[in-house]
Each structure stands twice: as structure tokens, then as C-alpha cells.
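Please examine the sequence and the three-dimensional structure below before reading on. The paragraphs that follow lead from one metal site to another and then to a sheet.

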Amino acid sequence: MSEHGHHKENFFSKYVFSLDHKMISKQFLITGMVMGVIAMVMSALFRIQLANPGESNSILSTFLGRWAEGGVMSPDIYLSLVTIHGTIMVFFVLTGGLSGTFANLLLPFQVGARDMASGFLNMLSYWFFFASCVVMIISLFVQSGPASAGWTIYPPLSAVPETISGSGLGMTLWLVSMTLFIVSSLLGGLNYIVTVLNLRTTGMSMTRLPLTVWALLVTAILGVLSFPVLLSAALLLIFDRSFGTSFYLSDILVQGEVLSHAGGNPILFQHLFWFLGHPEVYIVLLPALGLTSEIIATNSRKPIFGYRAMIGSILAIAFLSFIVWGHHMFITGMNPFLGSVFVFTTLLIAIPSAIKVFNYIATLWRGNLQFTPAMLFSIGLVSTFITGGLTGLILGDSALDINVHDTYFVVAHFHIVMGLSAIFGMLAGVYHWFPRMYGRLMNLKLGYIHFWGTFICAYGTFFPMHFLGMAGLPRRYYSNSAFPMFDNLVDINEIVSFFAIAGALIQVVFFFNFFYSIFRGTPSPQNPWKSNTLEWTAPVERIHGNWSGEIPAVHRWAYDYSKPGMDDDFVPQTVPLKKGEEEHH
Amino acid sequence: MIKVLIVLVAIVFVAQVVRIFELSNLITKTKNEVSDRSNHINGVLLLLSGIGLLAFFFWQRAEWMDETLQVAASEHGPIIDNLWDTTMGLIIVVFLILTPMLFGIAFFYRGKEDKKASYITHNNKLEFFWTAIPAVVLMALISYGLVVWGKIVNQDISDAMVIEIYAKQFSWTARYAGDDNKLGRADVRFVGGKNELGVISQKTKENQISAIEKKIINLNLDLKSSENPAEKKLITKKIDKLEKQKKTLITYFITTPMDKLLSAEDDVVTKELHLPVGKKVLFKFRSQDVIHSAYLPHFRVQMNCVPGTTTQFAFTPTITTVDMKKELNDESFEYVMLCNKICGNAHYNMQMKVIVETEEEYNAWMETQNNTRISNL
Ligand code: HEM
Ligand SMILES: [Cu+2]
Ligand SMILES: [Cu+2]
């Protein structure tokens, strides 16, 4: 179908308002990376504050200007930085950046389609995302400061500007930005789902799909089902803030005035928020797990172990993720019996999660492991998924949650299991599919330096936080010096901050490698990792429609690595079954 | 000018880095692909990092375990702590099995040119076991957890001493229920003057209404003396508002049953929380502005304070402050209540001192609090 290759492109239609999934995926990636740097710098700044409470620091005044008069960060800006850091990391980097990049790049390629079901919606999805990023950035510069009620924006704090300065214009912009983001995510998600369900090439049955596609498909379904709930929560909050309704507000006295709101309930917001919020952590995590499934199989030169069990556990996790949201609310005064139900459903998630871990380890077992940077990051993901997932057994148990709810134990838990795992998955994906995006290889050695630096700093930053939490240190504390009981935690805080800042600096190696390799990296062969999936059967040059001839047909699953009786240690999905050959899985 | 210079220098710097980088690649003749050598090095590093992770873990425990909360100072505390230890023990065992397995296998099967991987797709028996075993263990853990949870939330509270914990930006206040052990009704609309918690009683009503009436009289005088129509309008508006406020107060007062009004009389409002040791207390939480969370880590107690509703938590303190000081060998030790839900810029410094003492000490302290009794306000 050569007509795809042939229409005239100008600069705008090629690089800006592109309808091509490959270009859109790069747009998502670069935008996500920029946002990631911003959020990372923020975390380094507030870690400086936590390690040296009250001390003057010229780095702070350079970056923060009037927010850090004399080099000392103000409590308001501390909360703003934490809030925007969390928001950007969760939504803009690990939802928009991660799903947006890899769903766009891989879905059409791996199911064997010329592009997304609707290129136009896809482009809209990116530009809504872009607009939401812009609004979020603008909110950093408003007079009263950016949103500062935490990334979970619980009302009344987020609803009543008199209670915290960030809940003025900053909060309004946050809500506008998130609304745009949700629109983007819904447009994208619907498109992904339709693409996978309708555009699979001949022979690509659901049980031949690579696990990346399964993970991205289920992620999109989760998003489509849960983001509308966040949208409604946000809309009701907008009403409460701007139009005097009382969905969440009741009996509030601030600055000597009783507000006119009556009869609302702030806990309602939490229910709505976490009905999205919990699935959201899997929206962040599943794509990373999908990418690494593919990377680990390819680089182990071995089929993924328990393909069907992997699909089953993705589906089980997705289903369960909708009925566990209450574990964020055990101590809101929620009916204790309801709490018990949420304990039960929450701890059940450990089963499919454990299955996934066992399958990863079993895949490595008796493999011929090729340690590309992508593979190393994937192994890193398995490690953080184990370490961080296990502490979920504590937080999911309501009685234990009384001890550590909202402490640094939680910060440690979710950074390791969600933050690190997803970031590792995303970086693994970038290293692995960079040749597919840019036709060049990233530098291997720099990749190794980047991995080892990041891996060490990641654990150095987040593992000690468990101990801070077990000492009772609450999260979102601007300073720990108000309570003598935290005085002896200073050395832990210094270690954490040291690794956090070192970890941020080491990312320079990655960015150098990334941009250098775009322009001057070693040209990549068509199938650099000797992989089975369809994206590597398309030519290196970026062409509209992906394949210059017919779309290839598929004859087998994606995991025939080292199959006995075959010449090579990989068999692309396009190779027909030999006579008498069985399709195992 | 300086900025332009900095940018220029930065560009030159990057260009030089690129050159050095490319030259060094040329000189060392690195092929940009995975080799037996790189697999070996990274395999060894993986092994070392697995060992390092475990070493780091043990080092942290040795170094910092003493700084985490140790002794629980409430009756249900040890029950939670047992569950904690069990769960933590289980987690650590799993961590100590899986981490060496992951890094060990990664090292052991590091790639070699002439090696071939085994073609293993699945193994139903194995998969059944590793699904069933976690399932069984989890069922046990869930049951244990729910039993503990039940013991905490279903305590017999009929003879508990009732104390209201009142949160606002950025301080805590306590209200003791007095001899009748019943709290009077309260509402934010009654907050004013000395009545910080908005308790509704004959006295507070009279105080507040007379305060409002005084204001109205003054405003009426202003109104008479004012010439400016804009100002007049403003004053009239203020008067209307105060009238409305007065009406609200009266409505709330009238709809409060007599026994509630009476039980408010002996409530005592304090800024410090004193608890008699060994006596069950029932905290009733209220907030006047945003959500706060009362966190008393030593007692293993935490509950949100939600504007518009009340929440509660019952527990029995078991160790007096004095004994705890001895136990920890720390003269400066005090129990505290922290705020553990982001509530504004001074969230990090919202605290109340908590003192657990003997019954006699407690009674003696309570005697001294007479001036904050609602009937004496
Ligand atoms: C660059 C390395 C990172 C560092 C050093 C870091 C550090 C921190 C710290 C110390 C806090 C707690 C601050 C406080 O409670 O006062 C925090 C909050 C948070 N971080 Fe990170 N983080 C990093 C990366 C990430 C990533 C990758 C994610 C993605 C999931 C993430 C998501 C969050 C969220 C959601 C919060 C909570 C914000 C809130 O309390 O509202 N962070 N981060
Ligand atoms: Cu959750
Ligand atoms: Cu508070």
C-alpha cells in the first residue's frame, strides 16, 4: 500500500501536528522527559530543605527566587513543590509519558497495523496532553503559588483558598490542567483499545499478542473506566470552589468566618479520588511490567515463563484494582466493617503480583542473559517490585496502617513499588526501543553507568525512608525539627538527601546519551536485539504505514526464543510453523 | 551579557564532551554491542549488588532499628505490634529468599556466545504451587489482621472516659466531658470569644448573643452618625449579617435538647492532654476547618478529624510518662499528638503535649482546670 508513503509533508504536518503514531510517540516521550526533569529537580530541592532544615542555601534561592528569601525555603513553597512533584511524576511522566510513548509506538507495530485506529484523535490526545503540561507549568508562576494541598488535593484544604495560599489561582490551574489531561488520556485510551481489538493483522489472535500489548490494552481499559470518575470529582470540586455548592464542604470556620457551605462531606471526595487513584497506580505500573516482560524474554533468549498466567494476572490485578480503593481511607472514620472488606480485597492483589514475580525469575532461569541496559533496568524493576510490593502487605492491613498511615513508610513503599518500578520500566523501554524510534543505538557504556548509578541511588534514597516512617515521621512535613522525637533521624535524612541528589545528577548521563545518540549514535540494524515481535520486521527508516509492502501475517506467538530444532535462537512471529512444529503456550 | 557568556561556555563545554567521548570510543575500539565480556562484568555486578542490597538492609536494621518506635504504651499496642512483627517477619523472609534468587540467577545465567537457553514455556504443577502457597499464607495473614482490627474497633466503650479532640489550623484542643462523662453539643457557629470550641450552653449563648447585640448597637450608632451613603450601605449589610447570626444561634440553641445543654456545663477545655493510666478513653474527633489527623504514635492511635462529622477511637494508655522516661532512659521524653494529614503551611508544627499519669495526679490536675469549665467561661 504505497500510497501511505507518498503524500507531501511539510514541517508542521511532520513534526508538529503529525498524525503518525511514531512521531506522536516521540512527542510524548520528549514532553514526558522534560516534565520528568522538572519534577526531579523539585524533589532535589525539597530534599535539600529536609537535610538542612532552616539553613540558608544559595541553590534554593537561585532556583526559587522570592520563594526562598535568603536561601530558606518557605513552608508554603515546600508543600507546593511536593504537590507538583507528585502530580507531575504520577500523571505527566508515568501516565502520559509512559503510556503515551509506548502505546503509540508499540501498539500499531506489534499488532501489525499501519497506524492507530484514528490518527486524528491520537494527535488531539497529544495536544491536550501538551496543553495540560503548559497549564501546569504556568501554575508554577502565579502570585499565590502553585497548588499545595498534596497530589491528592483533599478538600476542604484544596477548596478553601483561605486555608492555604496554593488553593487560590494555583489550584484552579491545577484543576484545569488535570481536566485537559483527563481528556487527553481518554482520547488516547479509546484509540488504543480500538486499535488492539480491531486492527490486528492476519493470524494475530489475542493469545499471540506480545505481553506489552496486553499490558497496554488493559491499562487503557483501566484509564477509560477510572479517569471519568476523577473528572467528576474534579468538576464537583470546581463547583464547590467557584459556584458555592457544598458537595464536599460543611461547617467550616476559617479566619473567624463561618462559610456558607453546609451538608457536604469531604470524605466523598476521597472515595471518588481513590476510585481513580488506585487503578491509577496500575495504569502507571502495568505498561512498565508489559515492557519488561518483552525485554526480559528477548534478552534471556527464552520464552516468557507462563504466558497465560501473565495475562491472567494482568487481568486479575486490573479487576481487583477497582475494589481496593478504601485501603487509602482506613483511618478516615470509615465503617470498620467496610475497612475489613478492603483489607481482604487488597491483600488478594498480592497473589497475582507474586505470580508475576515468580514468572520473571523463572524466565531468567536457564536463560542466556544478554545484559543490555534495557535488560538491567528490567531486572532492576523486578527487584524494586519485590521490595516495594512486600511492604504493601503492611499498608493494606488496616490494623497496621494505624501505625504508619501517611508516614514516610508510605513514601518509601510507593516510590519503590510504583515510582522506581515504573521509571525503570520506562527507561528500559527507551533503551530497548530507541533503535526503533531513531534508527540508531544508544551508547552501551553510558547506559551501564546510568543504570548502576541510578540503581544504587534509587535504593539509597528510598530504602531508608522505611525507617523514618517506622519512627513515626509524617510525610509532607516541611521540617522535622518541631518534634524532639525526630531529632535523631537527622543522619537518615542526610543519607537520603545525598543519594537523591546524586541520583538526580546521574541522569545527566542518560540525557547526554539520549540526545547524542539521536544525532550521532551508531546506526542500528533492523533487528538489533534479535527479537520476534513485528516492530522489528519493519524497515529502519520511518515510513508512513510502517511496512512498505503488505502488512506481514503472523504465524506464531512472540516468544519462540531458543526453540529446539530451529536454526536461530529466535523465530519472528512472521515465520510460518514448520511441518509438524507445535505452537507451544 | 553574563548570561549569554554562560550559555556560550556551556555550548562549548558540551561540544568538547562530545568530542572527548567520541575519541575515547575510537581509541578503546569499543563495539557498541553486548559481548561476553560485558555480560560477565554486569553479571558479576548484579551478584555484588544483590549482596550489597542485603548488606545495606542488615546495616540499616542494625543502625536505625533503635530509632524506630519501640514500646507501645497502650493496651491494644502490643496486639498491633505482634501482628506487625509477624507480617514484617514474613516479608523479610520472602525478601531474603527472592532477592538472592533474582540476582543469583541473573549472575549464574549471564550470557555467553556459545550457550543456548532452554526452551521452557510453562509448568502447570509449579505454577499451581506458587499460586496456592501465597494464597494460603495470605488467607492466614488476612484472618489474623482482621481479628486484630476487630479487637481495636469493637472495644467495649460503655465505661470509657470521653474526651473530645478538636483540631484547627494549627493547634489541638481537648474537651473533657466532666463528671457526667457526656459532652455537650457544639457547633462551629458558636465559636467566639472564650468559647473556642463552639460549645452550646446557656452561658455561651448569652455571652455570644450579648456580644452580637453590643456590636449591633455600636453599628447603629455609626449608622446614625455616618453621612456617606456607600458607608451606610456597608454598615446596614453588617447589621443584617449580625442579625442573621443571632437568629442562627438562637435556632441552634432552641433545637438543642435540655440534657445536652446541661451536659455541656461541666465540660472542661484544655490545651494539654492529661490521661489517667490504665483507664480507657474514648476520643471524639472534630475539626473546624480542614481535615487533620490525630496521630499518637506511641499509643498506636491515628484517626482523621473531618469537618462536618465526628470520628472516634478508643484506647487505654498503659505506661505513664514518668515510667516511659525511665524505660527509655530519657528525661526529656514526652508523649505527643501530631497532625498527620496535610492541613496547611504549619502542618509540620501542629502538636499537643500528652501526659499519662496516675489517677491521683490526673485528678489533682483536673482540679486546677476549673477556670476553663464551660460554666465558668
Ligand atoms: C527523582 C527521585 C525522587 C525523589 C528524590 C523523590 C522524593 C520524594 C519525597 C521525599 C517525597 C515526600 C515529601 C514529603 O512528603 O514531604 C515525595 C513525594 C512524592 N513523590 Fe517523589 N521522589 C522521586 C521520584 C518520584 C517518582 C518517580 C514518582 C512517581 C510515582 C514520585 C511520586 C511522588 C508522589 C506521588 C509523592 C507524594 C506527593 C504528595 O505527598 O502529595 N516521586 N517524593
Ligand atoms: Cu491503592
Ligand atoms: Cu493539622
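A residue is called buried if its relative accessible area is under 20%, exposed if that area is over 50%, and partly exposed in between, as found with a 1.4 Å probe on protein chains only. At 7% relative accessibility, A:His278 therefore counts as buried.

The structure is a predicted model, in which local features need pLDDT of at least 70 and side-chain atom pairs count only at pLDDT 80 or more, while totals for chains, interfaces and linings use all residues; side-chain values use heavy atoms, without hydrogens and water. Residues are numbered from 1 along each chain as its sequence is written, and chains are lettered from A and ligands numbered from 1 in the order in which they are written. The pLDDT is the predictor's confidence in each residue, from 0 to 100; its mean for chain B is 91, and 99% of the residues of that chain reach 70 or more. The model scores ipTM 0.93 and pTM 0.94.

A:His278 also takes part in a metal site. Donors are N, O and S atoms within 2.8 Å of the metal (3.2 Å for Na, K and Ca); water is not among the atoms, so sites may look incomplete. For the copper ion (ligand 2), the protein donors are A:His278 (ND1), A:His327 (NE2) and A:His328 (NE2), at 1.6 to 2.0 Å from the ion. Their spacing in sequence is H-x48-H-H.

The copper ion (ligand 3) has the protein donors B:His292 (ND1), B:Cys339 (SG), B:Cys343 (SG) and B:Met350 (SD), which lie 2.1 to 2.5 Å from it. The 4 donor atoms subtend angles of 92 to 121 degrees, so their arrangement is tetrahedral, a term that requires all angles of four donors to lie between 85 and 135 degrees. Of these donor residues, B:Cys339 is buried, with a relative accessible area of 0%, and B:Met350 is likewise buried at 0%.

B:Cys339 leads on to the sheet. Strands (E, at least two residues) are DSSP runs numbered from the N terminus, as are helices (H or I, at least four), and two strands pair if DSSP finds at least two bridges between them. In chain B, 5 strands form an open sheet in the order 4-10-9-6-7, with mixed pairing. Strand 4 (273-276) and strand 7 (301-305) of chain B stand at its edges, each with a single partner strand, so one side of each has no neighbour in the sheet. Within the sheet, strand 6 (residues 292-296) and strand 9 (residues 335-339) of chain B run antiparallel and are joined by 2 bridges. B:Cys339, in strand 9 of chain B, is the bridge partner of B:Ala294.

Technical notes:
Tetrahedral: all angles 85-135°; square planar, octahedral: opposite > 155°, others 65-115°.
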